[in-house]
Amino acid sequence: MFLQQLVNGLTIGVIYALIALGYTMVYGILKMVNFAHGDIFMFGSFLGLFFMKHLHMPLYLAFLLSAAATSAIGVVIERVAYRPLRTADRIVPLISALGVSTFLVSLAQKLWGTEMHPFPTAFGRGTVTVGSITFSEIQILILVLSFILMLGLHLFVTRTKTGTAMRATSMSLTNAALMGINTNHMISLAFAIGSALAACAGIMVGIYYNAVYPTMGYMAGINAFTAAVLGGIGSIPGAMLGGILLGVVENLGGAYISTQYQSVISFTILIIVLMIRPTGILGKKDINKV
Amino acid sequence: MRSRAGRFAIVGLLILLPLLLQQIDDYILHIAIIIGIYAILSLSLNVIVGYAGQFALGHAAFYGIGAYTAALIMLHGSASFWLALAAAAAVTGLFGLLLGSPVIRLRGDYLGIVTLGFGEIVRLIFVNWVDVTRGPMGLPGIPAPSLFGHAFTEKIEFYYLILALVLLTYFIINRIVHSGIGLNLLTIREDETLAQSVGIRPNPYKLLAFSLGACFAGVAGAYWAAYISYVSPDSFRYLDSVNILAMVILGGTASLPGSILGAILLVLAPEILRYMNDYRMMLLGLAIILMMIFKPSGFWGEKHRKYNFYGLAQKGGRK
Amino acid sequence: MDELLKLEKVSIRFGGLHALTDIDLSVRTGEILAIIGPNGAGKTTLFNLLTGIYRPTSGTITYKNRVINKLKPYERVKIGIARTFQNARLLKNMTVLENVLVAHPQCNTESVLEAIFLTGRRRERRAAIAQECVEVLKAVGLDHKLDVLAGSLPYGEQRLLEMARALVTRCELLLLDEPAAGMNPAEKKQLVEKIRQLSREFNIEIVLIEHDIGLIMNISDRIVVLDHGVKIAEGSAAEIQQNPKVISAYLGGEDDWD
């Protein structure tokens, strides 16, 4: 029972981690919470559904195309709704993000209706039993694919020149610009990568729960944001750690306390972390310069 | 609403309007009533967002708490509407304080997420606490208000009731934001370090803004419950919070006439553009983005301010 | 002479960075004290310690014989310490009068109920408060611009407005962070006069950070020199000019003194 719940928690945890990476990468550079990120995740899920159901594509192609399309959406959103507001008051881009979120949700409702859509795939319904734990195929896919994606991202930011430039940008936008880094490209890249990861997470969630619907981004977004904060917002390993931790805690809490109020658990965690250690587990404290 | 005479003219017009239009139909009164409810909601949110600068995304939750509180008190306690109204205001004010005290220390975007989460949780409680709220089925049969033994049945009576509540809300909030309290709130919003350096302790002011805003949202909720005579979780979703916030933003943050303008615009627009109803929220989203890019101060923003704090007219003298 | 403010072995670290180390300092009644030093010497950090934005890592800050290490910035304003900022920090979209009103100790003593039921007596009280603010603005020479938005004032007047805002708190100790920055020589000369006059008129002690050596020598009774977070000298203008440590910091320092 416990181990099974642990595995279930881990599954949802890596998904949170994938979404949290998008929050954390954007926050790292722009110091802004992209409120529309949960809805980008939802859009990725719907696009994957669309490619499979209407264009009869195989699953892997749906992943690739949805990730590509969603990252384009992410880049366009930044270009249109956030970039013109970079020098404005902090609250201005937040409100704009809220507008983007509202737009995406209502667009999805217009395109696909408000109801839940099942995911038309036979894949992932089978199970594998190891000892007392039962893995569904989709759980294995989620765990393996998420691991590969996170490893890939980690190697990208630590081993490549572009990745290093991106880290430099997140340390200081001005300094990076002075060193000749095209910071606008780096910001676009952060949105592209974050959105692509969210799209992958969206498809996996769609298959896992066999449900895709326009408002699925709210709670997923809040939970993933909680994960990002828990791990230390702005920190990429932090987002991974936070996501996994949150998924496990939430699932155990849901199993042993109450499933109806599962989201209350993550919300409570968010409040506690923000009160006690707003920099999260792996975040750095920044000195408030006056 | 620059001058005192102008204000009297507008209020007088609003009172006489239904009498002047002999055959005013219920539909128009209904729209006017909805505008009134949203005017209270956006005025109250403006205290939190516009004056205190706290990016709160859960206003529909306070509205809902007010509605449920009033409904439960009237249904189970068979209390009068007036008592329920006061109780709803008090209870939501208290919730504002409860939510406010942990979150006011958070920075803007964090606060947004936490209040958004608060809104979702309140809605979840409405849905899941079936014993009390009857879950998604909601609470029907809420009695109408009555005054001196006369029960409100006509729309026109509800119109005058909401008009009175809007005027009261406007009056109270206007007095508060144009006192030293409002000046301190704006200072905290602009620059918290500066505020501290001139002797302002920020947290009590932010808390005050939270509970004041919540309190009036509760008033709107109590009215809604009595007007529709039914409450259900569907009326208090996240998108309703966004809608109220959009009213504040489009009208102009820290502008009370702006909040009313925002409520009028966003209630009327979908009624006028009925054939575009499917695109309503999409257009709202776009409107918010465009507003932020081209006119972040709103249609009736602070730039129109004519009076100093303390009601001192500009050019020195007293008003 | 009495000591109004006293620092004993005050240090502050940010992570591994020793921003200030073992600073001993006192402000005596009836004097103008200047703090000078190269960029990054820790002058503004010292101000932030005095006003409570930072807390010292070790050491004690005593004000009127009371240890104030832990007092918050707004509490320090209440006991009589006020400041200006390096880059004039004002409510740019509000009027000159409002910028001063906000700092008036009586401005925020109204309760919610008093604000709602605005009685004649409260209105008179408000008018009196506003009048006091106007008086202070008159003292710095801004009373003809009451309704001008603070952001549209020329820079020199913004600095004066900041001073008025600090004075209206009825402070006894006024900390000025580079009050002459960005002023031309004529304005600087006026400023020196203004500071002297305000110090006398309001009977306050003034501590100022300044880059302009000429201005410092002209205005201050005593000078403290900081370099790399350490106090390297203290004394009258004449003494400081002779001090070999100061000369070497001045000539050999990696940063210029402007």
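Start in chain C of this predicted model by selecting β3 (residues 32-36) and β9 (residues 222-227). These two strands of chain C run parallel, and four bridges join them. To see one of the pairings, click on A34(C): its bridge partner in β9(C) is I223(C).

Keep β3(C) on screen and add β8(C), residues 205-209. Here, too, the pairing with β3(C) is parallel, over four bridges. Pick I35(C) and look across to I209(C), its bridge partner in β8(C).

Now turn on the side chains of β3(C). Which residues point which way? I32(C), A34(C) and I36(C) go one way, while L33(C) and I35(C) go the other. That fits a handy rule: side chains in a regular strand alternate between the two faces of the sheet. Is β3(C) enclosed or open to the outside? Five of its five residues are buried, so the strand is largely enclosed by the rest of the structure.

Next stop, still in chain C: select β4, residues 58-63, together with β1, residues 3-14. This pair is antiparallel, with five bridges. One spot to check is S11(C), whose bridge partner in β4(C) is S58(C).

Add β5(C), residues 66-67. It runs antiparallel to β4(C), and two bridges connect the two strands. You'll find T62(C) opposite V67(C) of β5(C). Together β4(C) and β5(C) make a hairpin with two residues between the strands. Click on K64(C) in that turn: its phi is positive, about 50°.

From β4(C), step back to the loop between it and α1 (43-51) of chain C, and select R55(C) there. How accessible is R55(C)? Its relative accessibility is 44%, so it counts as partly exposed. Now add K70(C), K72(C), K78(C) and, from chain B, R201(B): with R55(C), they form a positive surface patch.

Finish over in chain A, with a surface patch of another kind. Select V128(A), V130(A), I140(A), V144(A), F147(A), I148(A), L151(A) and L155(A). They form a nonpolar patch, with about 670 Å² of accessible area together. Two elements of chain A give two or more residues to the patch: β1 (127-130) and α5 (137-159). Which one has the largest share? That's α5(A), with six residues.

Last click: V130(A), which sits in strand β1 of chain A. Its relative accessible area is 47%, so V130(A) is partly exposed.

Key: Residues numbered from 1 in each chain as written. Chains lettered and ligands numbered in written order. Predicted model: local features only at pLDDT ≥ 70, side-chain atom pairs only at ≥ 80, totals over all residues. Heavy atoms only, no water. Patch = residues over 30% accessible without salt bridge, like charges linked within 9 Å, V, L, I, M, F, W, Y side chains within 5 Å. Areas by Shrake-Rupley, 256 points an atom, 1.4 Å probe, with all protein chains shown as cover. Salt bridge = Lys/Arg side-chain N within 4 Å of Asp/Glu carboxyl O. Lys, Arg positive; Asp, Glu negative; His and termini not counted. Charge placed at Lys NZ, Arg CZ, Asp CG, Glu CD. Buried < 20%, exposed > 50% of the residue type's maximum accessible area, 1.4 Å probe, protein only. Pairing = 2+ DSSP bridges.
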